[in-house]
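Here are some short exercises to work through with the model open beside you. Try each task before reading its solution.

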Amino acid sequence: MSNAQDQRLLEVLLDSWDRNNTILVNLLRALPPGGLVARAMEGSPSVAELFTHIHFVRLVLVSEDAPEFAKKLPKEEWVAEREPDRVAQMLHESAKAVRDAVNNRVQAGRDMKLHYDHPILLLQHMIWHEGYHHGQIKLALKAAGRAMTDQEAGPVTWDVWMLKK
């Protein structure tokens, strides 16, 4: 990194990534009973499968773009994992891999190996991708009669973005 302003900007971008992961794990922890098996409709992935897909995609993109930070890929992408603690562990592991890969590549001034014009675009892609699935998770809960109210979801999701440190 060339100067303090660039370093500060990188720290803020990495913080946005950390907050994104916090929001996902908070959503997982706030699921109502039976939430992991909820589906938006028959044939749609379950909430559990959406979370494990997010984990898998993170790891695949790291392995393709910064292989020195690659972790062992799960055998399957869409897994109906029933243990929230295990899902949270997976999300933390893959979030760290993404964070470390992007931080290293930016600090070293290195491009990503396969995708993206700049390493930060991996973060942006993942936040967009995961926000899309966050919406699917909330829709699946609603369709299954287990909707989360704004009072339940807001403090652990939206508020995480807006809190000052």
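**Exercise 1.** In this predicted model, find how many aromatic pairs the structure holds, and classify the geometry.

*Solution.* Start with the count: there is 1 aromatic pair. Its partners are Trp128 and Tyr132, with 6.4 Å centre to centre and 10° between the planes. Planes under 30 degrees apart count as stacked, so this pair is stacked. Next, place the pair: both residues lie in helix H4, 4 residues apart, or about one turn of the helix.

**Exercise 2.** Decide whether Trp128 and Tyr132 are buried, partly exposed or exposed.

*Solution.* The cut-off for exposed is over 50% relative accessible area. Trp128 has 63% relative accessibility, so Trp128 is exposed. Tyr132 has 48%, and therefore counts as partly exposed.

**Exercise 3.** Work out how H3 is oriented relative to H4, and which residues make the contact.

*Solution.* Helix H3 (residues 84–108) packs on helix H4 (residues 120–143) at about 150°, with the axes 8 Å apart. Angles over 145 degrees count as roughly antiparallel, so that is the relation of H3 to H4. Val98, Val102 and Val106 of H3 make the contact with Ile120, Leu122 and Leu123 of H4. By class, that gives 6 nonpolar residues, no polar and no charged ones.

**Exercise 4.** Do the same for H2 and H4.

*Solution.* The axes of helix H2 (residues 47–65) and H4 come within 9 Å and cross at roughly 170°. The two helices are therefore roughly antiparallel. Among the contact residues are Phe51, His53 and Arg58 in H2, and His129, Glu130 and Gln136 in H4. The class count for this contact is 11 nonpolar, 5 polar and 2 charged residues.

Technical notes: Residues are numbered from 1 along each chain as its sequence is written. This is a predicted model: local features need pLDDT of at least 70, side-chain atom pairs count only at pLDDT 80 or more; totals for chains, interfaces and linings use all residues. Side-chain values use heavy atoms; hydrogens and water are left out. Axes are lines fitted to C-alpha atoms, for helices over the stretch in contact, and angles run from 0 to 180 degrees between N-to-C directions. Angles under 35 degrees count as roughly parallel, over 145 as roughly antiparallel, 65 to 115 as roughly perpendicular and the rest as oblique. Contact means heavy atoms within 4.5 Å. Ala, Val, Leu, Ile, Met, Phe, Trp, Tyr, Cys and Pro count as nonpolar, Asp, Glu, Lys and Arg as charged, and the others, Gly among them, as polar. Rings of Phe, Tyr and Trp (its six-membered ring) pair if their centres lie within 6.5 Å; planes under 30 degrees apart count as stacked, over 60 as edge-to-face and the rest as tilted. Buried means under 20% relative accessible area, exposed over 50%, partly exposed in between (1.4 Å probe, protein chains only).
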